[in-house]
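Reader: I am a first-year student, and I would like a close look at a single part of this model. Could you please take the salt bridges as that part and then set them beside their surroundings?

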Amino acid sequence: MKCFLGNPGLAGFYTTFCSSLYENLNKEISIWAIGHAGHDEPNMDLGLKIPSLKNNKHLYDLNGQLQHKIKFIDFIPDQIKNIYVIGHSVGAKLILDLLKSSPKFNEKVAKCYLMFPTIEKIALSSNGKIFTKLTSLFFLARIILLLFNIIPLSFRKRLVKFFCRDIPEEFH
């Protein structure tokens, strides 16, 4: 299997990373990647729709993200063993939580690689202290994001390309 993306709208970096990993492993090992629930636009060809945040907050909090990963794990056939897991930031925390809460996941995992884990006490870090002070501005960011999401996707992509000219195309 080439690079199966558990989340069809996965960001370009992760698609490139998975493809490179697959190529460097001589195309002999399956690579799966799953993003955070609701983080990316789904592939419209699949007819998928992200549930709105309104009345669905439980789907997007940490426990909702954990349940999202457990449902994904349930699709992994029992004969697949020795899974190597890579998690970045909150993904690293979710891996630790999965190891504690999902016996099926725990049985299958051979090794975990946790990159820049967001595990505990993040608010006490230097960036966490700054971020905590900025949380009072979240309402403004939410309004801007709500307005941005009203704009058609094709125009949003053009805006991102305009403001992020120096970022390689594969990351748009």
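Author: A salt bridge is counted here when a side-chain nitrogen of Lys or Arg is within 4 Å of a carboxyl oxygen of Asp or Glu. Asp 97 and Lys 100 form such a pair, with their closest N and O atoms 3.9 Å apart. Please bear in mind that this is a predicted model; the distances are computed from its atoms.

Both partners belong to helix α4 (residues 90–101), and because they are three residues apart, about one helical turn separates them. An α-helix has 3.6 residues a turn, so residues three or four places apart point the same way. The two partners can also be described by their accessibility. Asp 97 has a relative accessible area of 16% and is therefore buried, since the cut-off for that word is under 20%. Lys 100, with a relative accessible area of 70%, is exposed. Asp 97 and Lys 100 are also joined with Lys 93 in a network of salt bridges.

The count for the model comes to four salt bridges. Side chains of opposite charge can pair when their charged atoms come close. One of the bridges connects Lys 27 with Glu 23, where the closest N and O atoms are 3.8 Å apart. Lys 27 is partly exposed at 48% relative accessibility, and Glu 23 is likewise partly exposed at 39%.

Another of the bridges is formed by Asp 78 and Lys 104, whose closest N and O atoms are 3.6 Å apart. This pair links distant parts of the chain: Asp 78 is in the loop between α3 (62–74) and β3, Lys 104 is in helix α5 (residues 103–108), and 26 residues separate them. At 54% relative accessibility, Asp 78 counts as exposed.

The loop that holds Asp 78 leads to the surroundings, for it lies between α3 and β3. Along strand β3 the side chains alternate. Ile 83, Val 85 and Gly 87 point to one face and are buried, whereas Tyr 84, Ile 86 and His 88 point to the other face and are not buried. Ile 86, a residue of β3, is partly exposed with 38% relative accessibility.

Strand β3 pairs with β4 in the parallel sense, over six bridges. Within this pairing, Cys 112 of β4 is the bridge partner of Val 85. Cys 112 is partly exposed, at 27% relative accessibility. Cys 164 is partly exposed as well, with a relative accessible area of 26%. A disulfide is a covalent bond between the sulfur atoms of two cysteines. The number of disulfides counted in this model is zero.

The surface also carries a nonpolar patch, made up of Phe 17, Tyr 84, Ile 86, Tyr 113, Met 115 and Phe 116, which together have about 630 Å² of accessible area. At least two residues of this patch come from β3 (83–88), and at least two come from β4 (109–115). Tyr 84 and Ile 86, both in the patch, point to the face of β3 whose side chains are not buried.

One further helix may be set beside α4. Helix α7 (residues 138–150) has 13 residues, which at 1.5 Å a residue should span 18 Å, and its end C-alpha atoms are indeed 18 Å apart. Because the number of buried residues in α7 is zero, this helix lies largely in the open.

Note on methods: Residues numbered from 1 in each chain as written. Predicted model: local features only at pLDDT ≥ 70, side-chain atom pairs only at ≥ 80, totals over all residues. Heavy atoms only, no water. Patch = residues over 30% accessible without salt bridge, like charges linked within 9 Å, V, L, I, M, F, W, Y side chains within 5 Å. Areas by Shrake-Rupley, 256 points an atom, 1.4 Å probe, with all protein chains shown as cover. Helix = DSSP H or I, 4+ residues; strand = E, 2+ residues; numbered from the N terminus. Buried < 20%, exposed > 50% of the residue type's maximum accessible area, 1.4 Å probe, protein only. Expected span 1.5 Å × (residues − 1). Pairing = 2+ DSSP bridges. Disulfide = S-S within 2.5 Å.
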